[in-house]
Amino acid sequence: MTPQFTSQGQEDWPARSFLGGLSEPVRSKLLGIGTRCRYLPGEVLIREGDRSNHVVLLRSGFVKVTASLDNGHEALLAIRVGGDIVGEMAAMDDGAPRSATVTACGEIAASMVRESDLRFFLESHPEAARAVNRIVIQRLRWSNQRRVEFGGYSVKVRLARVLAELAASYGHPVPRGIVIGVNLTQPELAALTGSAEVTIHKALAELRRDGLITTGYRRTTVLDVNRLRETARLRKAAP
């Protein structure tokens, strides 16, 4: 499956992302009410527990969404890339603290939108309101699916599912296959699949041995997306 992109000026966003799914007039108006900003690598966009309620529209780059566990460890919940919206939960849940921390993984260009401005915009633009609802539902489905998979599939299958989804959402084609456009370390892949780092290391080796992927420094290339999806017990990608 090759991801589709939507263009606005020099910015390209996956069609499945929040901004990529909006019509151009609505997207331009929404970006117009935000304040453009940039974040440096490692900078926190949103901090868990804060009472702020603005949203951030990612124009480029990617971020990690993490949450602290009771034992002091940090759990990687998701990756968000250019075109995505972050912080929407607090904006839609009056007075609730932030449920996760969002950290820049590289230089980020974004637009920050105040909660009051977002609410007014959504009330006057049903298309954007439906898009926010759709994103929230998709993320809830994804979280529920992860919980089911953690108990029902082996680490190799869970890893194949995560890689297949990342390739579909954030990959770009190259002569050998699809490069996943998100740089993840093995500990981060372990967190996304609910497994130990040593186990994810073995699962990656199996996928490489099967000729499904190649890996380099923070780079994963899917060589055969249909066989990867078969390993992940997913339906084949549409031609």
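**Exercise 1. Find out why the sulfur of C37 forms no bond with the closest cysteine sulfur.**

Step 1. Start with the distance: the closest cysteine sulfur to that of C37 belongs to C105 and lies 16 Å away, which is too far for a bond. A disulfide here is a pair of cysteine sulfur atoms within 2.5 Å.

Step 2. Check it from the other end: C105 is in no disulfide either, its nearest cysteine sulfur being that of C37. Searching the whole structure gives zero disulfides.

Step 3. Look at the surroundings. C37 has 18% relative accessibility and so counts as buried, while C105, at 25%, is partly exposed. Buried means under 20% relative accessible area, exposed over 50%, and partly exposed in between, with a 1.4 Å probe and protein chains only.

A note on the model: it is predicted, so local features need pLDDT of at least 70 and side-chain atom pairs count only at pLDDT 80 or more, whereas totals for chains, interfaces and linings use all residues. Residues are numbered from 1 along each chain as its sequence is written, and side-chain values use heavy atoms, with hydrogens and water left out.

**Exercise 2. Describe how α4 packs with α3 and with α5.**

Step 1. Two packed helices are described by the angle between their axes and the distance between the axes. Axes are lines fitted to C-alpha atoms, for helices over the stretch in contact, and angles run from 0 to 180 degrees between N-to-C directions. Helices (H or I, at least four residues) and strands (E, at least two) are DSSP runs, numbered from the N terminus.

Step 2. Take α3 (residues 115–124) and α4 (residues 126–152): their axes come within 5 Å and cross at roughly 115°. The two helices are therefore roughly perpendicular; angles of 65 to 115 degrees count as such, under 35 as roughly parallel, over 145 as roughly antiparallel and the rest as oblique.

Step 3. List the residues that touch: F121, L122 and S124 from α3 meet P126, A128, A129 and V132 from α4. Contact means heavy atoms within 4.5 Å. Sorted by class, this contact has six nonpolar, one polar and no charged residues. Ala, Val, Leu, Ile, Met, Phe, Trp, Tyr, Cys and Pro count as nonpolar, Asp, Glu, Lys and Arg as charged, and the others, Gly among them, as polar.

Step 4. Now turn to α5. Its axis is 10 Å from that of α4, at an angle of about 155°, which makes α4 roughly antiparallel to α5. The contact joins W142, Q145, R146, E149 and F150 of α4 to R158, R161 and E165 of α5, and its classes are two nonpolar, one polar and five charged.

**Exercise 3. Work out which strands stand at the edges of the four-stranded sheet.**

Step 1. Write down the order: this open sheet runs β11-β12-β14-β13, with antiparallel pairing. Two strands pair if DSSP finds at least two bridges between them.

Step 2. Read off the edges: β11 (171–174) and β13 (213–216) each have a single partner strand, so one side of each has no neighbour in the sheet. From one strand to the next, the twist averages 25°.

Step 3. Follow the bridges. β13 pairs with β14 (residues 219–222) over four bridges; I213 is partnered with V222, and G216 with R219. β12 and β14 pair over two bridges, and I178 stands opposite V222.
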